[in-house]
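Reader: I'd like a close look at a single part of this one. Here is the model I mean.

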Amino acid sequence: MRRWQGDSIYFGGDYNPEQWPEETWSEDVDLMRQAGVNLVSVGIFSWALLEPTQGRFEFGWLDRVLDLLHDGGIQVDLATATASPPPWLTRAHPETLPRRADGAILWPGGRQAYCPSSPVFRERSLELVRAVASRYAEHPAVVMWHISNELGCHNAHCYCDVSAEAFRGWLRERYGDLNRLNDAWGTAFWSQRYGDWAEINPPRAALAFANPTQQLDFLRFSSDELRAQLRAEREVLKTLVGQPITTNFMIGMGVKHMDYQSWASDVDLVSNDHYLTAADPQAHLGLALAADHTRGVAGGDPWLLMEHSTSAVQWQPRNVAKLPGQLRRNSLAHVARGADGVLFFQWRASRAGAEKFHSALVPHAGPDTKVFREVCQLGADLKALAEVRGSRVDADVAILFDWEAWWGVELDSHPSVDVTYADRLNALYGSLWRAGVTADIVHPSTDLSGYRLVLVPTLYLVRDADVDALHAYVAAGGTAAITYFSGIVDADDHIRLGGYPGAFRELLGVRTEEFFPLREGEQVHLDDGSTADVWTEWVHPDGAEVLASYTDGPLPGVPALTRHRVGDGAAWYVGTRLDEPATDRLVARLLAEAGVRPAVSAPSGVEVVRRRDGDRTWLFAINHTDTEVRLPAHGVELLTGGHCAGELALPAGEVAVVREDRT
């Protein structure tokens, strides 16, 4: 891995000077210096300008931009510019265009109009990477390389004939022979057995439910094809440049089709884009979850927030503007949870194009605006926090997350459409957030020995090795809680026979003989006072202690919540969808049993996170409420220069960062 160097927190955003007259560029640099910007991403969607016709490159404008930025002390994250093919490429090679499952061609006019399996696109994109890297490898402004942009955001799946042939090749490598594939796909069902590789296609539009393992493998293949583009561009860069290489993931935005855990080893630093859901009044919880998940993908290391918004976006049904102070709170919440850089889309709001109503650091109204004043304040804040860079986040709780389990649990023909992957993840995470407890969101194969508590929401698909690791963690003294519809299938999406929850029966000390999903709007009650909906199941204790049972619904008297002592630890099973108060009570019990405490005791609505570097610690406190709060704190308050002698007064909507006393 190439070192991510520097002694300050990165601050800036996407800079698209090609959208503006050249006389604007000097003003941009002056405003960047005024705001404290020290890093901009350049050239992300510039392929058509850099290579206006095949093989003819025009770098003059980019030369001038990079020189100007360097003279102004602004560093550059230079893109490979492969994010979207130019019109000349798709006109000359229409076979590169992606197709939907129903065969419809997705035409140019937006972005990312290419099939990820296209050899023509791969060849032409790598020629561009080679040309750009050869020219700017030694440019003093360039400190980082940015591969493509949000790979798979619009073209995660392509069902064309090129993709079909690539899919067959991927299947040959995975299974080796057709007998193994037929067994994995269960093709004895519905007369689907294959006798020749050429008979296999992607799961295109069909008359009934497509084979579920075929669907699952196509999702795996599609993620791998996009990863192959990432790796191909990286290999070209590695031979020509010495700076670190990254690409922007989209963790926490509901984008589910890229397995970023498998991609993480292909970049020198993990970068992420995150945008709030404007309609969600609790969007700051989703922000925190996304940041913790990004840190988990980064293996606990600091990461880079490559994109977020200063205010409204343009792509949601109702694009709500951020209120005063929200820009700062959002940005510093990412830093609290491990980001060592805060970048935005984009520097100057576009005057034309599909994103012209997307907010920017410099709005349409110019620098004499709320947004730009807050941008300048944030720049000063991040400068004051430079010493935090490189530190890691304290977390005693892990939440297990697997993209393949997400894909599997949301396939069709399942017991209830109301069972979704994000539901219990968000619920458990929300309870931790309200309790002031930070969690790492990690893959099931992660070493769990450093955690006091492990939560396992809806891990429908799980591998034997990960089951064994969780069992060993609990036996060694850990506490784990597993929710319903977990452990149900193996990696081929085959049911684990003998009773649910399949892979976790022994660990949990229970056996479920039948699922009893509930009707829409139906509720059940438990004898501990809890209310639940969506899901119940006929659980038989097999060594587990019953903590709560149903009092009504289809299964009165049947256990809903159990606890099983295993070695020196305990495994809890949550067999129903508890409502928020019940989930909060459950998480409080789990935290108490595991001995997990928050960073400091804080009132509801106040986010508190601790970063650590050796024996130095920093306490981040973010007040999401409309009243002043007081927190226990000892040390120097970095954002104001004040001192905390046992107590920190935090006004409504404000953020403080305290360098804590070493004692």
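Which exposed residues sit on the face of H1 turned away from its buried side?

Author: Quick ground rules. Residues are numbered from 1 along each chain as its sequence is written, and this is a predicted model, with local features needing pLDDT of at least 70, side-chain atom pairs counting only at pLDDT 80 or more, and totals for chains, interfaces and linings using all residues. Side-chain values use heavy atoms, with hydrogens and water left out.

Now, H1 covers residues 23–35; helices here are DSSP runs of H or I, at least four residues, and strands are E runs of at least two, numbered from the N terminus. The face you're after carries Glu-23, Asp-30, Arg-33 and Gln-34. Exposed means over 50% relative accessible area, buried under 20%, and partly exposed in between (1.4 Å probe, protein chains only).

Flip to the other side: Thr-24, Trp-25, Asp-28, Val-29, Leu-31, Met-32 and Ala-35 are the buried residues of H1. They end up on the same side of the helix because they cover an arc of only 165° around the axis, the arc being that of the directions from the helix axis to the C-beta atoms. As background, an α-helix has 3.6 residues a turn, so residues three or four places apart point the same way.

What do those buried residues pack against? Strand S1 (10–15), strand S2 (39–42), H3 and helix H12 (370–384), where contact means heavy atoms within 4.5 Å. H3 spans 60–71, and the buried residues of H5 pack against H3 too. Right after H1 comes Gly-36, with a positive phi near 90°.
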